[in-house]
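Please work through the exercises below with the sequence and the structure at hand, trying each task before reading its solution.

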Amino acid sequence: MLSFLLADSKFRIDMLSSDGGEDSSSSMEGAKYLASSIFAGMLIGGTVLGFLSDRIGRRPVLLFGLVTNGIAGMCSSLSVFSPSLVSLTVWRFLAGVGIGSTVPPLFTLVSEWSPKECRGLFVTAVASFWMVGSVFVSTIAWCLFQLNPTLGLPIWRIFAAICALPSLLGALMVYNYVPESPRYLSAPDNRDYDLAAKVCNRMAMLLGVRVRVTPDTEKPDSDVIGTAFDNRVVHLLTKDELLSHYHQNGTNNFNSCHSTRSQLNQDIASAFVSLQTLYSSRLLPRTTLPLQMLWFCLSFATYGITTWINTLFVQIQLENLYTNSFLFALATLPGNIITLLYSDKVGRKKILIGSMIGASCGLVMFAITVYAGGARDDKGGQVSSAARTFVIVLCSIAFQAFGTMSWNVIDILSSELFPTSVRSAGMGLCTATGRLGGILAQCVNANLIDDTPVRVLVIASISLLFGSGAPLILERDMTMEELKDDVLDGSEDCCAAKRYSDEAKNNQSLEYQSFQQEVENEPFLL
């Protein structure tokens, strides 16, 4: 969204210029602070709420982020709330907090709900909606800025208001349809096995899962979850099975907290424990550090280019700005398709290395074409020829397609390499590192784009090339592997779970009848 605002002359006059002129010296300075404020908010939101998501749940944090982003976006579009650059910057900062808050719990939820055989597919499918958002924003920008209808309000404010609506719609859909992660509910700090089993069973029934069932006289298969047909026995997942499973796999390390401690102190202590785990000798060298390096390099390059792409197109006098911007947004489609098809087959690391190198090459060709230049007008500026325009747009499309592949894969890697106890915290830490790269990119590019746009492209290309070596350091590729929970064993509760096992199996029929009644009478709000 911001890239279209920065390229709009009316917005620059209204909000960025201190003397009412579009090309005042304060214009780029104001744009730098405005762009950086969003990434500063994303930094705080991703860090604080990412850690908190491991404490209070993925779903509440995701809802908070969506609502915050939507409300802040709406307020930034209204002149009564954002009459000046300072107030607009504050609202964009809060919108950034909301955006940053959504990323860790979103991808954590998807990873924890997905089976290992198609985890990459599902994470990529969710990530591909960035493309849907980009195309939506580009279409709205073309309709408003290019057609320039008379609506009685500044076009850029209407544009900002429309862009805030999907976030509010997303919050409503999450509230009604997205349950909490059963893996999180079964984590050591929660031990809510009853609710975890209830969520799994309800999800299976709502999805219409049909599974192998056995006659009444036979013992139910312990791996079967499903619905009842006629008088045949169907085995529902029970809290005792979950308890037994987690203890047998060494995942019952309960963090002890005194009952007299405040909730805030517990949250702070939990954040420090998570941070200590992420920077432990086991995770730091082969997981945390290389992922942070990847997020920083990729964010610096991609956010640095995408935020300023329309300003860059204007600076090099490219024709048909909004048409080219639409093509640039649509270029994420091939990247998403390739990742959907091959992320679970080829492997994460190979795709990530190849896509980052490909994006870097696209920027290099972009820079060479701009540097070679074209015909000059009377004022010495470049006049964009058809061939030059085609090559520039093609190079930018290649960069965007490969960059999308990189983002899809890094989202998959980050959400599956960390153990459950610190998965959202790890995602939050990585996204926060990426926001630092995004902030730095805004400061660097704002100072370079007016005079030397080629340097913007070259620096971003170097960042991608440097980051492409980080996947080689990662400990493992989790393609087709189960997620790790990685907490210690608790033998006493494990024995208790085994004692409860026979009793639980004898109560399967009654439990199913009770559960089926709950599904019919209760909304799906867990």
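The exercises that follow concern a predicted model, and they go from the whole chain to single residues.

**Exercise 1.** Describe the protein chain as a whole, starting from its secondary structure.

Solution. Begin with the secondary structure, which comes to 21 helices and two strands. Next, consider burial: of the 526 residues in the protein chain, 53% are buried. Then turn to the surface, where the protein chain exposes about 23300 Å², with carbon and sulfur atoms supplying 62% of that area. Finally, look at the contacts between residues at least 6 apart in sequence, of which 78% join residues at least 24 apart.

**Exercise 2.** Find which helix gives the most to the nonpolar patch, and decide whether Tyr-342 is buried, partly exposed or exposed.

Solution. First list the members of the patch, which are Leu-330, Leu-333, Ile-337, Ile-338, Leu-341, Tyr-342 and Val-346, together having about 560 Å² of accessible area on the surface. The helix that gives the most is α15, residues 332-342, with five residues. Tyr-342 is found in this helix, and because its relative accessible area is 39%, which lies between the limits of 20% and 50%, Tyr-342 counts as partly exposed.

**Exercise 3.** Locate Glu-112, decide whether Glu-112 is buried or exposed, and name the residues that Glu-112 touches.

Solution. Glu-112 is found in helix α5, which covers residues 85-113. Its relative accessible area is 7%, and since buried means under 20%, Glu-112 is buried. Leaving aside residues up to four places away in sequence, Glu-112 touches Arg-58, Ser-181, Arg-183, Tyr-184, Thr-420, Arg-423 and Leu-483.

How values were computed
Residues numbered from 1 in each chain as written. Predicted model: local features only at pLDDT ≥ 70, side-chain atom pairs only at ≥ 80, totals over all residues. Heavy atoms only, no water. Patch = residues over 30% accessible without salt bridge, like charges linked within 9 Å, V, L, I, M, F, W, Y side chains within 5 Å. Areas by Shrake-Rupley, 256 points an atom, 1.4 Å probe, with all protein chains shown as cover. Salt bridge = Lys/Arg side-chain N within 4 Å of Asp/Glu carboxyl O. Helix = DSSP H or I, 4+ residues; strand = E, 2+ residues; numbered from the N terminus. Buried < 20%, exposed > 50% of the residue type's maximum accessible area, 1.4 Å probe, protein only. Contact = heavy atoms within 4.5 Å.
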